Amino acid sequence: RGPRARFIYFNPCDARRTSRWNPLAGINTRSQAFDLAQTIVAAGPQKSNGDSPFFSQQASLKLALLFQAVNKLFNGTGTMQHVRDAIDGGSTRISAIGKASGCAGLEGFAQELVAGNRNTETVMAEMANSIMAWQDDAVCEATSQSEFSLADLESEPHVLVIGLPEEKVE
């Protein structure tokens, strides 16, 4: 897009050569967090046609709360690895993040997990499945900071090349 266009190569599976982009950077509002959560959940493992959308919708809502809470705790620099670690830490970690960030919704979610609510456990599993890509440490590294933002892409000419190894695409 012109001689002054900035070239960006983004391949989260190639932490050595990729430009870095943290999807949580710039998430300041509930709406932004929910949009990102919905996108990640929708891009996650496919569900069968007979599945109700309830669990994926709830996973989007809870991930959005978690995105906001993590960003608050890390002064706007929360990462998907922080989110992964919170989910891996289960109800104890989710509750601690809820308390520290003042997010009552996460605290309530953690209490439902402790109480053994099966629906809540399924939502938590859906959240974990949705962020499966971040089980790869190279992906965590590539998305731990940002060298560009979506606002940059809108305001200046860019050539964005997204690369993914064929074996990583489902």
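This is a short talk on a few local features of the structure shown above.

Okay, so before anything else, keep in mind that this is a predicted model.

Let's start with the helices. Helix H6 takes in residues 118-130, which is 13 residues. How far apart should its ends be? At 1.5 Å a residue you'd expect a span of 18 Å, and the end C-alpha atoms are indeed 18 Å apart, so the two agree. Now, which residues of H6 are buried? That would be Thr120, Val123, Met124, Glu126, Met127 and Ser130. Looking down the axis of H6, those buried residues fall within an arc of 155°, so they line one face of the helix. As background, an α-helix has 3.6 residues a turn, so residues three or four places apart point the same way.

You can play the same game with helix H5, residues 104-114. There the buried residues are Leu106, Phe109, Ala110 and Leu113. They cover an arc of only 100° around the axis, which puts them on the same side of H5. And what sits on the other side of H5? Over there, Ala104, Gln111 and Val114 are exposed.

Next up, charges. Side chains of opposite charge can pair when their charged atoms come close. How many salt bridges turn up in the whole structure? The search finds five, and I'll walk you through some of them.

One of them pairs Glu141 with Arg20, with the closest N and O atoms 3.2 Å apart. That pair links distant parts of the chain: Glu141 is in helix H7, residues 137-142, while Arg20 is in the loop between strand E1 and helix H1, and they're 121 residues apart. Are these two buried or exposed? Well, Glu141 counts as partly exposed at 41% relative accessibility, whereas Arg20 is buried at 13%.

Then there's Arg84, in helix H3, residues 80-88. Its side chain meets that of Asp85 in a salt bridge, at 3.5 Å from N to O. Arg84 also forms a salt bridge with Asp137, again with the closest N and O atoms 3.5 Å apart. This second pair links distant parts of the chain too, since Asp137 belongs to helix H7, 53 residues away from Arg84. Because they share partners, the salt bridges join Arg84, Asp85 and Asp137 into one network. If you're wondering about accessibility, Arg84 is buried, with a relative accessible area of 9%. Asp85 is partly exposed at 33%, and Asp137 is exposed at 53%.

Stay on Asp137 for a second. Its C-alpha atom is separated by 9.0 Å from that of Ala15, although the two residues are 122 apart along the chain.

On to the cysteines. A disulfide, just as a reminder, is a covalent bond between the sulfur atoms of two cysteines. How many disulfides do we count here? The count comes to zero. Take Cys140: the closest cysteine sulfur to its own is the one in Cys13, 11 Å away, and that's too far for a bond. The cut-off for a disulfide is 2.5 Å. Cys140 is also buried, with a relative accessible area of 2%. Cys103 counts as buried as well, at 13%.

Let's move to the surface. Which residues make the nonpolar patch of about 240 Å²? They're Phe7, Val159 and Val161. Val161 lies in strand E2, residues 158-162. With a relative accessible area of 32%, Val161 is partly exposed. A residue needs over 30% to be part of a patch, so Val161 at 32% gets in.

Last stop, a backbone detail. Most residues other than glycine have a negative phi. Asn75 isn't a glycine, and still has a positive phi of about 50°. Where is it? Asn75 is in the loop between helix H2, residues 54-73, and H3. Asn75 counts as exposed, with 72% relative accessibility.

So, if you open the structure afterwards, try finding the network of Arg84, Asp85 and Asp137, and then look down the axis of H6 for the buried face. That's me done, thanks.

Note on methods. Residues numbered from 1 in each chain as written. Predicted model: local features only at pLDDT ≥ 70, side-chain atom pairs only at ≥ 80, totals over all residues. Heavy atoms only, no water. Patch = residues over 30% accessible without salt bridge, like charges linked within 9 Å, V, L, I, M, F, W, Y side chains within 5 Å. Areas by Shrake-Rupley, 256 points an atom, 1.4 Å probe, with all protein chains shown as cover. Salt bridge = Lys/Arg side-chain N within 4 Å of Asp/Glu carboxyl O. Helix = DSSP H or I, 4+ residues; strand = E, 2+ residues; numbered from the N terminus. Buried < 20%, exposed > 50% of the residue type's maximum accessible area, 1.4 Å probe, protein only. Expected span 1.5 Å × (residues − 1). Arc of directions from axis to C-beta.
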